[in-house]
Amino acid sequence: MQLHCLGTAGYHPNETRHTSCYFLPESGLVLDAGTGMFRLPSLIQTDTIDILLSHAHLDHIVGLTFLLGIVYQRPVERVRVWGEAEKLAAVQNLLVNECIFPAQLPVTWHAIDANQALGEHLSLDIAGARVTWRPQTHPGGSVAYRIDWPSPTPGSASERSLVYATDTTGATDPEILRWMHGADVLLHECNFHDHQRDWAVKTGHSYPERVAEVSRCVQPLRVFLTHISPIDPISLEQPDPRFSVPCEIVDDNQIIEF
Ligand SMILES: [Zn+2]
Ligand SMILES: [Zn+2]
């Protein structure tokens with residue numbers, strides 16, 4: 001399985017990083033639609049694309065407006081956009097408004113929280129993968145996604161798994177930490193330095209010591225830090241004593257094999 005990091009910056013792009021967008025070409029799954037979305041066309045291998053939105057802050061959705069150009073360069077049969085109903089409504093009412101963007105997008109919209117009672121978290125079958133999600137602490141709310149690709153042998157554990165947690169102060173709820181547990185890849189935001197923890201808490205973001213705490217509970221095989229500040233990026237020691245599992249900061253155009 002390959003995870004292509006198309007955009008790894010938080011907030012705004014800089015000379016080397018675009019904003020949040022990740023792509024799993026074998027499944028046609030896109031995680032968030034930041035400015036890195038423009039890199040998608042040459043990587044598409046499937047006839048369908050499914051975009052999972054963590055939330056609707058601009059740095060995670062602006063790339064939706066690039067879709068007209070993306071499907072012009074690489075036509076596909078279908079593009080679905082998934083997210084919480086409230087966030088999808090905001091995108092449709094505000095971003096896809098004639099005053100902001102002049103055309104309708106070639107997508108259909110799918111609420112991940114449709115047909116489920118408050119507090120219930122049903123799993124979704126998207127592009128052959130089992131997709132589940134949990135709410136996170138962030139202004140306006142965001143969700144983390146867990147994607148499990150089933151084993152070809154029925155009844156056995158999933159073959160590959162990925163947790164994507166961005167725009168979050170980092171999970172503390174034991175149920176959510178259990179849900180994240182044992183993923184092959186934990187792709188977690190880390191927008192701030194440890195000495196900026198007050199800012200991180202205030203703005204709903206994470207810092208290395210917080211991500212290290214999460215990863216000690218979750219025990220993924222590997223941790224990748226993303227949503228890197230475009231102005232004052234964090235750094236790690238190699239190996240970094242704060243982390244109990246292998247950890248690295250991802251770069252734009254990096255391909256993670258897992
Ligand atoms: Zn963000
Ligand atoms: Zn945000």
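A residue is called buried when its relative accessible area is under 20%, exposed when it is over 50%, and partly exposed in between, as computed with a 1.4 Å probe on protein chains only. The structure described here is a predicted model, in which local features need a pLDDT of at least 70 and side-chain atom pairs count only at pLDDT 80 or more, while totals for chains, interfaces and linings use all residues. Residues are numbered from 1 along each chain as its sequence is written, chains are lettered from A and ligands numbered from 1 in the order in which they are written, and side-chain values use heavy atoms, with hydrogens and water left out.

By these limits Asp167 is buried, with a relative accessible area of 1%. Asp167 bridges two zinc ions, ligand 2 and ligand 1, which lie 3.7 Å apart. Donors are taken as N, O and S atoms within 2.8 Å of the metal (3.2 Å for Na, K and Ca), and sites may look incomplete because water is not among the atoms. The zinc ion (ligand 1) is coordinated at 2.1 to 2.4 Å by Asp59 (OD), His60 (NE2), Asp167 (OD) and His227 (NE2). Along the sequence, these donor residues are spaced D-H-x106-D-x59-H. Asp167 is in the loop between β10 (160-165) and α4, and His227 is in the loop between β12 and β13 (247-249), so that the pair, 60 residues apart, links distant parts of the chain. Helices (H or I, at least four residues) and strands (E, at least two) are DSSP runs, numbered from the N terminus. His227 is also buried, at 2% relative accessibility.

The zinc ion (ligand 2) has as protein donors His55 (NE2), His57 (ND1), His138 (NE2) and Asp167 (OD), at 2.2 to 2.4 Å. Their spacing along the chain is H-x1-H-x80-H-x28-D. Here the pair His57 and His138, 81 residues apart, links distant parts of the chain: His57 in the loop between β4 (48-52) and α1 (58-61), His138 in the loop between β8 (129-136) and β9 (142-149). His57 is partly exposed, with a relative accessible area of 32%, whereas His138 is buried at 9%.

Four donors count as tetrahedral if all angles lie between 85 and 135 degrees; four count as square planar and six as octahedral if opposite donors are over 155 degrees apart and all others between 65 and 115; anything else is irregular. The site of the zinc ion (ligand 1) is irregular, with angles of 94 to 162° among its four donor atoms. The site of the zinc ion (ligand 2) is irregular as well, with angles of 91 to 172°.

Away from the metal sites, Val131 lies in strand β8 and is buried, with a relative accessible area of 0%. Contact means heavy atoms within 4.5 Å. Not counting residues up to four places away in sequence, Val131 touches several residues, including Leu52, Leu122, Tyr145 and Ile147. Val131 and Tyr145 are 14 residues apart in sequence, and their C-alpha atoms are 6.8 Å apart in space.

In helix α6 (residues 208-218), the buried residues are Pro208, Arg210, Val211, Ala212, Val214, Ser215 and Val218. They pack against α4 (174-180), β11 (185-189) and β12 (222-226). Just after α6, Gln219 takes a positive phi of about 50°.
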